[in-house]
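User: Please take one close look at the packing and the empty space in this model. I would like the cut-offs stated as you go.

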Amino acid sequence: MTALLVTAAAIFLWGVVSGRLQRADLTAPIVFVAAGWLVAEAGLVGPQPVTARTLKPLVEITLVWVLFSDAAGVPLSQVRRDLGRYLRLLAVGLPLTVLAGWALADLLFPALGGWLALLVGAALAPTDAALGLPVVTNPAVPVDVRRLITVESGLNDGVVTPVVVLAIAGAASAEGLGGVHGWAALAELGIGVLVGAVSGLAGGGLLRWARRRGWAADDWAGVAVLALAIVAYTASLAAHGNGFVAAFCAGLAFGAAAGPRGPAELVFLEQAGGLVSLLVWLAFGAVAVPMVAGRVQPAVVVYALLSLTVLRMAPVALACAGAGLGRATVLFVGWFGPRGLASLVFALLAVEELGTAAGDAAAVIGLTVLLSVLLHGLSARPLAARYVRAVTGAGDGHDHQG
């Protein structure tokens, strides 16, 4: 009860002073990871009773709502227009990031073995735009750049899922644990896209039709959209598809089908997603941070820092060569690839399937996410302002497109 009281009080106080703290570059993930760590240090909660199976549903549902709401705010016509740039990041930049992360993990952590090294590289490849919220919601940043970051982060976790599942399957086989089916995950992407598109189009179209006839009460439309995101996710899982890809594609389709009232109906979903994300970061601070702290070694810190910088920014630069993006934009997009909810889901999945065998790999992932929370959170607002000044001074017409 004491832990519950502290959690509720922390959420209330964040609502009271969030604007002031954000102006001081303290984002919600930073504040709630710190609050969770303080809760653990005070002895109000310990890591022993909490398992990967306990936390994974909370992290998953948070990721589903964030993916759906982010995608629903992206105009589908703009996605088609910039499709070439998204494909560059997803088909060139993402595989290069995975390969580089795999190679570095195998070099720095030979005890992990090839499969767990691949798990680390793949789990830390997808990005989380929510950790750079001051960037993707900053109207001064060109809209096409914000959209590029949002769409990439919405799809790259689904694209990399087959690699993560394959790595877990290989590690399980090496440990004699049996395991999940790696190659079957490739088909899950297509199923996720199909189920998500159908769910979003049908749900958005039905809600728009009901509004025209006065059937849908305004008070419940937002609740319906929240449930639609879960429908897309669970329907995809029932069809053996990728639920996260389905959630993102459902959001895109909903945004196209819901009509002019769609954005207003997303407000409740965004608020619900924001609330549960606070709980995720609080749990991360209370449970994961003390566990990660006990495994911190120089090699782990070096890997985490390189993962957030060179292993992300170099592939992005290669993928964007010839894409018509200015140097400042390439550096900006390369830096704002924070690691967050998707990486945590993959780490929890590995721990759930492999047990203690995945402990060291999960520690590397956890420390990288922790550093990302701090570095990307603290740098989001000032670097966004600096980027805007840079592209304004350069007079780069593309950077102001949209």
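Analyst: Angles between axes count as roughly parallel under 35 degrees, roughly antiparallel over 145, roughly perpendicular from 65 to 115, and oblique otherwise. The model is predicted, so to speak of local features requires a pLDDT of at least 70 and side-chain atom pairs count only at 80 or more, while totals for chains, interfaces and linings use all residues. Residues are numbered from 1 along each chain as its sequence is written, and side-chain values use heavy atoms, with hydrogens and water left out.

Helix 5 (83–108) and helix 8 (143–174) are the place to start (helices are DSSP runs of H or I with at least four residues, strands are E runs of at least two, both numbered from the N terminus). Their axes come within 9 Å and cross at roughly 50° (lines fitted to C-alpha atoms over the stretch in contact, with angles from 0 to 180 degrees between N-to-C directions). Helix 5 and helix 8 are therefore oblique to each other. The crossing is right-handed, that is, the near helix is turned clockwise from the far one by less than a right angle, anticlockwise being left-handed.

On the helix 5 side, the contact (heavy atoms within 4.5 Å) is made by Arg-85, Tyr-86, Leu-89, Leu-90, Leu-94 and Val-98. The helix 8 residues they meet include Asp-144, Arg-147, Leu-148, Val-151, Glu-152, Leu-155 and Asn-156. By class, the contact has eleven nonpolar residues, one polar and four charged (Ala, Val, Leu, Ile, Met, Phe, Trp, Tyr, Cys and Pro are nonpolar, Asp, Glu, Lys and Arg charged, the others, Gly among them, polar).

Leu-89, Leu-94, Glu-152 and Asn-156 of that contact also line the second largest cavity, together with Gly-93, Thr-97, Ala-125, Arg-312 and Val-316. On a 1 Å grid over the protein atoms alone, a cavity is a set of points where a 1.4 Å probe fits but cannot get out, a pocket is an open set with protein on both sides within 12 Å along at least five of seven lines, and lining residues have an atom within 4 Å of a point. The volume of this cavity is about 50 Å³ (the space filled by probe spheres set on points joined across faces, edges and corners). Helix 5, helix 8 and helix 15 (310–319) each supply at least two lining residues, and the largest share, four, comes from helix 5. The lining has four nonpolar, three polar and two charged residues.

The whole structure holds four cavities of 30 Å³ or more. Helix 8 also serves the largest of them, where helix 8 and helix 3 (52–72) each give at least two lining residues. This largest cavity encloses about 80 Å³ and has 13 lining residues, with Leu-63, Leu-67, Asp-128, Ala-129 and Ser-153 nearest its centre. Six of the lining residues are nonpolar, four polar and three charged.

The largest pocket has about 1,100 Å³ of space. It is lined by 45 residues, of which Asp-70, Ala-130, Leu-133, Val-136 and Thr-137 lie nearest its centre. Elements giving two or more residues include helix 3, helix 8 and helix 13 (267–293). Helix 13 gives the largest share, ten residues. The pocket lining divides into 25 nonpolar, 13 polar and seven charged residues.

Helix 13 also packs against helix 10 (218–238), at about 60° with axes 7 Å apart. Helix 10 and helix 13 are therefore oblique to each other, and their crossing is right-handed.
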